[in-house]
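Here's a quick tour of a protein model, aimed at someone just getting started. Have the picture open while you read, and try to find each residue as it comes up.

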Amino acid sequence: MNLVLFGPPGAGKGTQAKILTETRGLPQLSTGDMLRAAVAAGSPLGRQVKAILEKGELVPDALVIDIIGQRYDQPDCNNGAVFDGFPRTIPQAEALDAMLAKRGRKIDLVLELKVDDAVLLGRVETRIKAGGPARSDDTPETLAHRLKVYYRNTAPLIDFYRAQGKLKSVDGMAPVASVTASIAEILDARA
Ligand code: ADP
């Protein structure tokens, strides 16, 4: 199964993706993690994207489409994957559909985690108070910008996937365990 976890920054996509990896054996394909790893390694890609990440802008579609295609061809994705933080634009979603179609696969389900902006900002503030930001783009200012980018570029994907009949929404403001349970219910209902 190929799943997209969808939602604004701080919605809890990464948390739920990791749980899905443990419970369903689907690898988590997080473009954010891959890009941060490239920055940490100081690779040519990392040098190219460092400033973009710090500003909370989107890196060019062609770059993320390329890294996700390479990652998806690793053998651990034979049974599918959880896409986390990708796609983030309509062209990325179209490229993902094309990439999967070439391999005789498709996106089966898109899980939207719905969380209000005020709650997202509160989560980042709590993380900062609890010991400083773990990520250089986790400041209230950058989060506000990432949210703007989300509404402008990424939220249109909700209609894109709804039109494909693949969208399911989950209340991302519930406790982590409840979100996990709601997702499990949706997945088990399909099995
Ligand atoms: P979050 O969703 O919490 O903001 P991510 O870890 O998914 O964080 O992404 C961090 C940053 O990496 C983004 O702000 C953006 O700069 C870059 N990035 C990640 N995924 C993509 C993508 N699919 N397209 C463009 N840029 C991306």
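What follows is a look at a pair of packed helices and then at some salt bridges.

Keep in mind that this is a predicted model.

**Two helices side by side**

Two packed helices are described by the angle between their axes and the distance between the axes. Let's try that on helix H6, residues 117-129, and helix H7, residues 140-154. Their axes come within 10 Å, and they cross at roughly 150 degrees. An angle over 145 degrees counts as roughly antiparallel, so H6 is roughly antiparallel to H7. The handedness of this crossing is right-handed.

Which residues do the touching? On the H6 side, they are Asp 117, Leu 120, Leu 121, Val 124, Glu 125 and Ile 128. H7 brings Pro 140, Leu 143, Leu 147 and Tyr 151 to the contact. Sort these residues by character and you get 8 nonpolar, no polar and 2 charged.

**Salt bridges**

Side chains of opposite charge can pair when their charged atoms come close. How many salt bridges are there in this model? The count comes to 10. Here are three of them, with the separation of the N and O atoms:

| Acidic residue | Basic residue | N to O distance |
|---|---|---|
| Asp 188 | Arg 24 | 2.9 Å |
| Asp 108 | Lys 106 | 2.7 Å |
| Asp 138 | Arg 146 | 3.3 Å |

Take the pair of Asp 188 and Arg 24. Asp 188 sits in helix H9 (residues 176-190) and Arg 24 in helix H1 (residues 13-24), so this salt bridge ties together parts that are 164 residues apart in sequence. Is Asp 188 buried or exposed? It's in between: with a relative accessible area of 46%, Asp 188 is partly exposed. Arg 24 also counts as partly exposed, at 33% relative accessibility.

Asp 108, the partner of Lys 106, is buried, with a relative accessible area of 19%. The cut-off for buried is under 20%.

Now for Arg 146, which brings us back to helix H7. Arg 146 is buried, with a relative accessible area of 11%, and its salt-bridge partner Asp 138 is buried too, at 4% relative accessibility. Shared partners join Asp 137, Asp 138 and Arg 146 into one network of salt bridges. What else does Arg 146 touch? Leaving aside residues up to four places away in sequence, its contacts are Pro 9, Gly 56, Arg 135, Asp 137 and Asp 138.

Technical notes
Residues are numbered from 1 along each chain as its sequence is written. This is a predicted model: local features need pLDDT of at least 70, side-chain atom pairs count only at pLDDT 80 or more; totals for chains, interfaces and linings use all residues. Side-chain values use heavy atoms; hydrogens and water are left out. Axes are lines fitted to C-alpha atoms, for helices over the stretch in contact, and angles run from 0 to 180 degrees between N-to-C directions. Helices (H or I, at least four residues) and strands (E, at least two) are DSSP runs, numbered from the N terminus. Angles under 35 degrees count as roughly parallel, over 145 as roughly antiparallel, 65 to 115 as roughly perpendicular and the rest as oblique. A crossing is left-handed if the near helix is turned anticlockwise from the far one by less than a right angle, and right-handed if clockwise. Contact means heavy atoms within 4.5 Å. Ala, Val, Leu, Ile, Met, Phe, Trp, Tyr, Cys and Pro count as nonpolar, Asp, Glu, Lys and Arg as charged, and the others, Gly among them, as polar. Buried means under 20% relative accessible area, exposed over 50%, partly exposed in between (1.4 Å probe, protein chains only). A salt bridge is a side-chain nitrogen of Lys or Arg within 4 Å of a carboxyl oxygen of Asp or Glu.
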